[in-house]
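Me: Take me through one part of this model up close, please. I'd like the strand pairing, told as one connected story rather than a list.

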Amino acid sequence: SFDPTILAGPPAALARYAMAARAGRIPLSPSVIYSVADVLDPDVEASISATFGVPVRQIYQATEGFLGISCGHGTVHLNEDLLVIEREVIDAASGRFVPIVTDLWRTSQAVIRYRMGDVLVPRRGPCPCGSVLAGVERIEGREDDVLTLPEARGESLLPVFADAVRAAVLGVPGVTDFRAIQAREGSIGLAVRPAELFPRAAEALRQWSARSGARPPSVHPIAWPVEEPGAKVRRVRRAGPRR
């Protein structure tokens, strides 16, 4: 009944609002939408944007402070006028990095070279908005969202980033959502919706792994994890110990 012009919330909440709006249960018509507190997957972003007819912007914020925000072109710019953000590169090919943050202005709680644990994909080239602040193409999630698979030929472990898992599983026609959990090397537990598409989703994961030079994993079905209302949604998660 308030009919806000600005709507901000976690992607899962925004998706529920969009579903309710499409069903005619709530009369929402926001002119600005911000996704906060969780990873905004492309399929979720597209659904929300199509429902309300406006782009979904992002706010990158944590307990450690206000770290970045989307410009009008959709690029998340890091707040380098307030922070020093060092980069611990974890993938040279894509430039993926974990930010190490020093807050230059905070007085109530010192944040000095604090390693965030998030995985960020940097923007290639300048943003059309003209900002000199560093741009981020995607906020991919936590380091624990990076799976590992043995090389097809060799003993090394290859990183499997959450974005690749999402693309493989959601690329199967009809799959609307999934959860992938790795508890041990070479094996991935997978739950998909609808459940009957599990064989095709599992095969898509194995085929992607083979094309990427990894040994195709054993993919086994798991029950849909119990998720508390309001908890962060993690579609891809590594539960086992790292080597």
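Reply: Quick ground rule before the tour: two strands pair if DSSP finds at least two bridges between them. Also, keep in mind that this is a predicted model.

The strand to watch is β4, residues 65-70. On one side there's β3, which covers residues 56-62, and these two strands pair in the antiparallel sense over 4 bridges. Between β3 and β4 sit 2 residues, and the two strands form a hairpin. If you want a spot to click on, go for Ile-69 in β4, which has Ile-59 standing opposite.

Now follow the chain on to β5, residues 76-78. β5 runs antiparallel to β4 as well, with 3 bridges joining them. Here you get a hairpin again, this time with 5 residues between β4 and β5. One of the turn residues deserves a look at its backbone: Gly-74 has a positive phi of about 90 degrees.

Back to Ile-69, since that residue ties the story together. Its bridge partner in β5 is His-77, while Ile-59 is the residue opposite Ile-69 in the pairing of β3 with β4. So step through Ile-59, Ile-69 and His-77 in your viewer and you'll go from β3 through β4 to β5. One general thing to bear in mind as you look at side chains: in a regular strand they alternate between the two faces of the sheet.

Note on methods:
Residues numbered from 1 in each chain as written. Predicted model: local features only at pLDDT ≥ 70, side-chain atom pairs only at ≥ 80, totals over all residues. Heavy atoms only, no water.
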